[in-house]
Each structure stands twice: as structure tokens, then as C-alpha cells.
Amino acid sequence: MPSAADPTLPSGRRSLAATDIALGPLDGRYRVDAAPLVDHLSEAALNRNRIHVEVEWFLHLTERAVLPGLAPVSAEQRDGLRAVVAGFGTEEIAELAAIERETVHDVKAVEYFIGHRLPALGLADLTPLVHFACTSEDINNLAYALGIRDAVRDVWTPTAQRVVDQVRELATANAETPMLSRTHGQPATPTTLGKELAVFVHRLDRQLARIGGQEYLGKINGATGTYAAHVVAAPDVDWLDVSRSFVTGLGLTWNPLTTQIESHDWQAELYSDVARFNRILHNFCTDVWSYISIGYFKQIPVAGATGSSTMPHKVNPIRFENAEANLEIANGLLDTLAATLVTSRWQRDLTDSSSQRNVGVALGHGLLALNNVAKGLRQLDVAGSVLAADLDHNWEVLGEAIQTVMRAEAIAGVPGMDNPYERLKELTRGHRVDEARLREFVGELGLSDGAEGRLQRLTPASYIGLAKRLAREAEGPTSGPEYVV
Ligand SMILES: O=C(O)C[C@H](Nc1ncnc2c1ncn2[C@@H]1O[C@H](COP(=O)(O)O)[C@@H](O)[C@H]1O)C(=O)O
């Protein structure tokens, strides 16, 4: 490692490498955002979960009395073992690291770490029961499943849910705010701002429901998933039942059939779902960014904050831009994990060991993005007058309304309703048509009274179909107000 005196460094420059300065942003400037995941997905949390699994397996084997002479340990001994998990902190992290430096095997180090604590609990005789019949993956897969489950359930999901609820509130508040649509970026049939936001809420809710229903699978079945060591050591035990009850007792779903490794298919499913949620949120961010850019949303300036270092007038949409970037980075990792974790050569290769160490990083970038979207949304105001002015400049979007009413009239037998589409195309395609010209056109069509009245009362702002009602679908199905012109 280069030091301050390293001659390869430019003269006089101190090396920062010898300090504990983070290389990555999640452990540096964004540390606070990522912090809630540390308790579940850091290396220390993985090790604590490994100790938890080893301790619970030890207790399970004693409770099931799987070997001759084996009996449940005392309540005090049981509490003492569980206290090893609960008390895992800075000193224990260092102690475990020291053991691993010798074993050069992370799970073996955990086994020895626990073994060292047994004499003080009067359990020295049971040292061979720690990690009994286990391969490392028996411990690893369960430790990861617990960490990932808790991170998703207790950290990522509540944060994602709060952001979706913020969008839901904005959708409801703007259910009736008319807005020009822009298919292909061109003026199109109007909608309401709330309805467009509700589409995102509906999409994100679906992904959250999938993620909420995710199974977290686990296995404990030995070096090649055959229970060979278990059976040769204790032939009369119902090992499938011992295994199933242990895994389900941890709150996981038992995987009955594996190689050495839990196949990780559930992880691939989860990461694909979270990545899809992220993609939808990314779409939301770029839409909001674009609405800000055309003035539909005003950003509330934060007192004391600077937009541009040179252009004093600016309030930049940086929260949505940060979210975009972090969603992309999260998905780069999530996609890689989902694509690669499902493959392991023959009965195992160790690539998953290294890959899974990045699950927290992937979720961390997603969490950071969510926090930025939440912040960005709190700083938005809807510019109703800009939305209204835009609608008023685009009366030609009523061409669709007129030609569709003419078709209905033709079917009802009203004469003179021929070629409606073509006539409206001639009137509107590629040019501006103002209110007066449209009203005049409608007045000359010879429509029935009801149809003409409906069209003459129509404005771009009121040509929104069922958008108000649909916007409220984000709150849940409604029997709310019907379409009224
Ligand atoms: O129960 C077993 O151990 C079974 C054994 N395979 C292994 N299974 C699980 N872990 C193993 C295995 N081999 C090594 N290691 C240890 O994994 C750690 C890999 O470190 P890193 O690359 O940083 O993720 C690092 O600590 C390695 O020592 C087999 O041969 O089938």
C-alpha cells in the first residue's frame, strides 16, 4: 500500500489510501442513506446471521436428540448461545476476522468462533455438534436468505412504499388537473396530471405486491444435498423432517432438492422484480424531469441552496437525476445477480460467494434513489396555469373528438357525416386551429342537437374522458363521478 513517503506519488501529496476513507459512495457521501441496510447485508451482518444459523442448528439437533445421548441443553445454556448472536459487535468482528486469517475459510472461522464459547457455557463436550453434518453453503444460504429477507421486508419495502404513497397523494390531489398529453412528444388527447401519475402508482403497486409475495428459500442437506453425512452418522433419524422443520422454523421456505448450493432461483426472481420496480421508477423520474423542464411542475427553491455555480436563476431537478443514475447502477448489479446466480457448475462453484457480497450494494443504490425521489417530490409544486395555457394553445387535439362523434352520428343515420376522419385531417393535420375555427366547423356539420351541444361545450381541458375517475383508481376502485362535459 503506498504511504505518504511513497516516491511514486507526486511530490508533497499525501496518500489517502492508508486511512479508512471509503472508495465507494455508499460508504462515503451517501452513507446515511445506505446505513439501514448495514444491519442486514454488510459482511458483519452476514457473519452474525451465520452464527445465528449455526447456533440454532446446534439447538435444533439437541432438541431433536438426533444422536445417542444427546438431550436438550438447559435454558441458561440456550440463552447463553443466543446471547453470542445478540452480542455480536465490534470486538467480535475483529476476533472472527483474526480466526479467518488463519483458517482462510470464512464459515470454518464461524464454527471455531462458536466453539471457543462453549466451555464457558458448560458445553465443551458438544463442540463436535457445531456445524454437524453441514457444508458451508448450508450455513451461507440460510444466513443470506435471512439477511436479504429482512433487508427487503424491513428496509427497502417500507421506503419504496412511502415513495409510491407520495406519488399516490400527488395523483389524488391532481385527479382533476387537466393536462395536454404528448404521445411521440406531440400534442395528443388530453388527460389529467393525476391520471398519468396514477398509471405509475398502479404499475409500482403491482411490483410491490410481487415482491411482498416473494418466497425466501433455504436448504440444509449437506455437501451434495443427499444427507449422506447425516445418514451415515445417524441412520435412524428422519433427516428430511429435521431439515424441513429447521428451515421453516427460521421463517424460510424449505427447498427440498438441491446440489451443494441452494439454487438461488428465488434470488433471481426477487432481483428481477426489484429491477423492474426500479425501471418503472426510472420512467417516472424521467417523466417528472421532462414535466419540470416544460414548466408543468415548479421546483420549490431550498433556502440557501444553489442551482448552478454560474447561472444564479437555476433550480435544477437534481434529485430526479440522482435517482435515475442510482437506479441504473442498482439495476446493473441486480441484473448481473439475477442472470448469474442461477448457474453453478456441477454440484457447486464458488462464484456465488463473491457475487452475493454485492446484494447490499445493489439494494443500497436503489434505496438511495428512493430517498432522492422522496426528496424531489417534496420540492414540487404543480403549475396549474402553465398546464391550462398549454391546453388552450392546442385546440386541434379536439379533431379526434369531432371525427369520432361524426362516426357515431353516421351510424345513427344522421346525413352528411361522410369521411369524418379525412375532413378533420384536412382541418387539423400539421397546423394550428383556434377555438373560433373549430366551433365554426362544428356548427356547419349538421350534427344532431345533442351531439352538437356536446362538441360546442368541449374544450381541450374538458376533453379528458374518464381521466378524473381513473386517477382515483390509484386510491383503490371507486364509483366516483362519471364523465360530464
Ligand atoms: O463446506 C465447504 O466448504 C464445501 C467446499 N466449498 C466451499 N463452500 C463454501 N465456501 C468455501 C468453499 N471453499 C472455500 N470457501 C470459502 O469461501 C470464501 C470465498 O471468499 P470470497 O471469494 O471472498 O467470497 C472463502 O472464505 C473460502 O475459504 C467444497 O469443497 O465443496
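**Figure 1. Arg 168 and its surroundings in helix H6.** In this predicted model, Arg 168 has its place in helix H6. Is this residue buried or exposed? Arg 168 counts as buried because its relative accessibility is 17%, and the cut-off for buried is under 20%. Look next for the partner of its side chain: the side chain of Arg 168 makes a polar contact with the side chain of Asp 205, at 2.9 Å. Leaving aside neighbours within four places in sequence, Arg 168 is in contact with Gln 161, Val 201, Asp 205, Ala 474 and Glu 475. Asp 205 therefore appears twice in this view, once as the polar partner of Arg 168 and once in its list of contacts, where contact means heavy atoms within 4.5 Å.

**Figure 2. The largest pocket, between two domains.** Here we turn to an open space in the model. The largest pocket has a volume of about 640 Å³. Of the 24 residues that line this pocket, Asp 27, Leu 41, Ser 42, Glu 43 and Val 361 are the closest to its centre. Which helices each supply at least two residues of the lining? They are helix H1 (31-41), helix H2 (43-63), helix H6 (136-173) and helix H13 (359-378). H1 gives the most, with six residues. Sorted by class, the lining has twelve nonpolar, eight polar and four charged residues. Domain 1 (37-132) and domain 2 (137-302 + 314-384) both contribute to the lining, so the largest pocket lies between them.

**Figure 3. The second largest pocket, between domains 2 and 3.** The second largest pocket has a volume of about 510 Å³. Its lining is made of 15 residues, and those nearest its centre are Pro 187, Glu 396, Val 397, Thr 428 and Arg 429. Two or more lining residues come from each of strand E2 (186-192), helix H15 (399-411) and helix H16 (420-428). Which element gives the most? That is H16, with four residues. The lining divides into five nonpolar, six polar and four charged residues. Why does this pocket lie between two domains? Both domain 2 (137-302 + 314-384) and domain 3 (394-472) give residues to its lining, so that is where the pocket lies.

**Figure 4. Thr 428, a residue of the second pocket seen up close.** We stay with one of the residues nearest the centre of the second largest pocket, Thr 428. Thr 428 lies in helix H16. With a relative accessibility of 13%, Thr 428 counts as buried. What does its side chain reach at 2.6 Å? The side chain of Thr 428 reaches the backbone oxygen of Leu 424. Beyond its neighbours within four places in sequence, Thr 428 is in contact with Glu 396, Gly 399 and Val 433. Glu 396 is also among the residues nearest the centre of the second largest pocket.

**Figure 5. Pro 460, a buried loop residue.** Find the loop between helix H18 (449-457) and helix H19 (467-472), where Pro 460 lies. Pro 460 is buried, with a relative accessible area of 1%. How far apart are the C-alpha atoms of Pro 460 and His 393? They are separated by 9.0 Å, although the two residues are 67 residues apart along the chain. Leaving aside neighbours within four places in sequence, Pro 460 is in contact with Pro 190, Leu 391, Asn 394, Trp 395, Val 397 and Leu 398. Val 397 may look familiar, as one of the residues nearest the centre of the second largest pocket.

Methods:
Residues numbered from 1 in each chain as written. Predicted model: local features only at pLDDT ≥ 70, side-chain atom pairs only at ≥ 80, totals over all residues. Heavy atoms only, no water. 1 Å grid on protein atoms, 1.4 Å probe; cavity = no way out; pocket = protein on both sides within 12 Å on 5 of 7 lines; lining within 4 Å. Points joined across faces, edges and corners; volume = space filled by probe spheres on them. Nonpolar A, V, L, I, M, F, W, Y, C, P; charged D, E, K, R; others polar. Domains from an automatic or database assignment. Buried < 20%, exposed > 50% of the residue type's maximum accessible area, 1.4 Å probe, protein only. Polar contact = N/O pair within 3.5 Å; in protein donor to acceptor, adjacent residues only side chain to side chain.
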